[in-house]
Amino acid sequence: MRISLIVAMAANRVIGHKGRIPWQIPGEQRMFKEITIGHTVIMGRKTYESLGRPLPERVNIVITRQKDFQAPGCIVARDLPTALANCPPQETEAFIAGGSQLYHEALPLADRVYLTVIPREFPGDTFFPEIPPREFQVAKKEHVDGIVPYDFYVYERIRGEFG
Ligand SMILES: NC(=O)c1ccc[n+]([C@@H]2O[C@H](COP(=O)([O-])OP(=O)(O)OC[C@H]3O[C@@H](n4cnc5c(N)ncnc54)[C@H](OP(=O)(O)O)[C@@H]3O)[C@@H](O)[C@H]2O)c1
């Protein structure tokens, strides 16, 4: 099973502000849906609470340290390894869908990163970590024009001779 991060960030690496994503880009949201639909999405408790509901047509796993946390329609896991172990056996790609805490923890395990960059700065309190340039290479780059233009990258982990 491939482990992928999927994220949209501003030029100053902001991904969130006061529990929300500080922009709305319809085409970008559509792309997130197209990429993740039919797969498993894994998110931190704060990201789940900002969505307020499971993402439809996907297996949703929420990570929390709270023992009796209720997330109707979601699997609740106590940590990232448990979340990964709870993906359906036939899953081919699990998506880490934020937020910052989870991205930091999952990046060392990731095979792929789907990264949208909005080329302007936003005020925010939550940031995406640097993608280590020695560990990942850009496999795809696309510029998308629109009311809010953005760049879309796919990073793949560099595999050595022995994988
Ligand atoms: N731009 C984007 O693409 C994007 C995507 C997703 C989210 N966001 C934004 O990011 C912000 C939220 O990010 P965040 O970093 O503050 O929170 P988060 O990662 O969504 O959630 C953090 C919470 O998840 C649980 N958690 C995280 N790591 C864990 C671990 N290893 N073991 C057990 N539980 C763990 C803990 O829950 P408990 O406290 O319940 O134990 C922790 O408080 C929001 O503003 C959201 O809108 C942006």
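Which elements each supply at least two residues of the shell around the ligand? Keep that in mind as you open this predicted model, and select β1 (2-10), β2 (14-16), β3 (40-44), α2 (45-51) and α4 (100-106): each of them gives two or more residues to that shell.

**Stop 1: the ligand**

Show the residues around the ligand; there are 28 of them. Gly16, Gly44, Thr47, Gly98 and Gly99 are the closest, so to speak the place to zoom in. Colour the shell by residue type and you will find nine nonpolar, 12 polar and seven charged residues.

**Stop 2: the sheet**

Now hide the ligand and switch to a cartoon view. Eight strands make up an open sheet with mixed pairing, and you can walk across it in the order β5-β4-β3-β6-β1-β7-β10-β9. At the edges stand β5 (75-77) and β9 (136-144); each has a single partner strand, so one side of each lacks a neighbour in the sheet. Look along the sheet and follow the twist: on average, neighbouring strands are turned by 20° against each other, ignoring direction.

Add helix α1 (residues 26-36), which packs on this sheet. The helix touches β1, β3, β6, β7, β9 and β10, and its direction makes about 175° with that of β1.

**Stop 3: β1 and its partners**

Select β1 next. Is this strand mostly covered or mostly open? It is mostly covered, with seven of its nine residues buried.

On one flank, β1 pairs with β6 (residues 93-96) in the parallel sense, over four bridges. To see one of the pairings, pick Arg2, whose bridge partner in β6 is Glu93. β1 also pairs with β7 (residues 112-118), again in the parallel sense, over seven bridges. Here Val7 is a good residue to click, as its bridge partner in β7 is Leu115.

Carry on from β7 to β10 (residues 150-157). These two strands run antiparallel and are joined by six bridges. Thr116 and Phe152 in β10 stand opposite each other.

**Stop 4: β3**

Move to β3, where five of five residues are buried. Show the side chains: Thr40, Ile42 and Gly44 point one way from the strand, while Val41 and Met43 point the other way. Burial holds for both groups.

β3 pairs with β4 in the parallel sense over five bridges. Find Val41 and look across to Asn60 in β4, which stands opposite.

**Stop 5: the nonpolar core**

Which residues have the most contacts inside the largest nonpolar core? Select Val7, Met9, Ile42 and Ile96, which hold that place in a core of 31 residues. Two or more core residues come from each of β1, β2, β3, β4 (59-63), β6, α4 and β7. β1 provides the largest share, with six residues.

Centre on Met9 to look at one of these contact-rich positions. Leaving aside residues up to four places away in sequence, Met9 touches Val14, Ile15, Leu115, Val117 and Phe128.

**Stop 6: a loop residue**

Finish at Arg78, in the loop between β5 and α3 (80-85). Why does Arg78 count as partly exposed? Because 13 other C-beta atoms lie within 10 Å, and the buried class begins at 20 whereas the exposed class ends at 12. For a last selection, draw a distance from Arg78 to Gln90: these residues are 12 apart along the chain, and their C-alpha atoms are separated by 22 Å.

Terms used: Residues numbered from 1 in each chain as written. Predicted model: local features only at pLDDT ≥ 70, side-chain atom pairs only at ≥ 80, totals over all residues. Near = placed C-beta within 6 Å. Nonpolar A, V, L, I, M, F, W, Y, C, P; charged D, E, K, R; others polar. Pairing = 2+ DSSP bridges. Axes fitted to C-alpha atoms, helices over the stretch in contact; angles between N-to-C directions. Contact = placed C-beta atoms within 7 Å. Core = buried A, V, L, I, M, F, W, Y, C linked by C-beta atoms within 7 Å.
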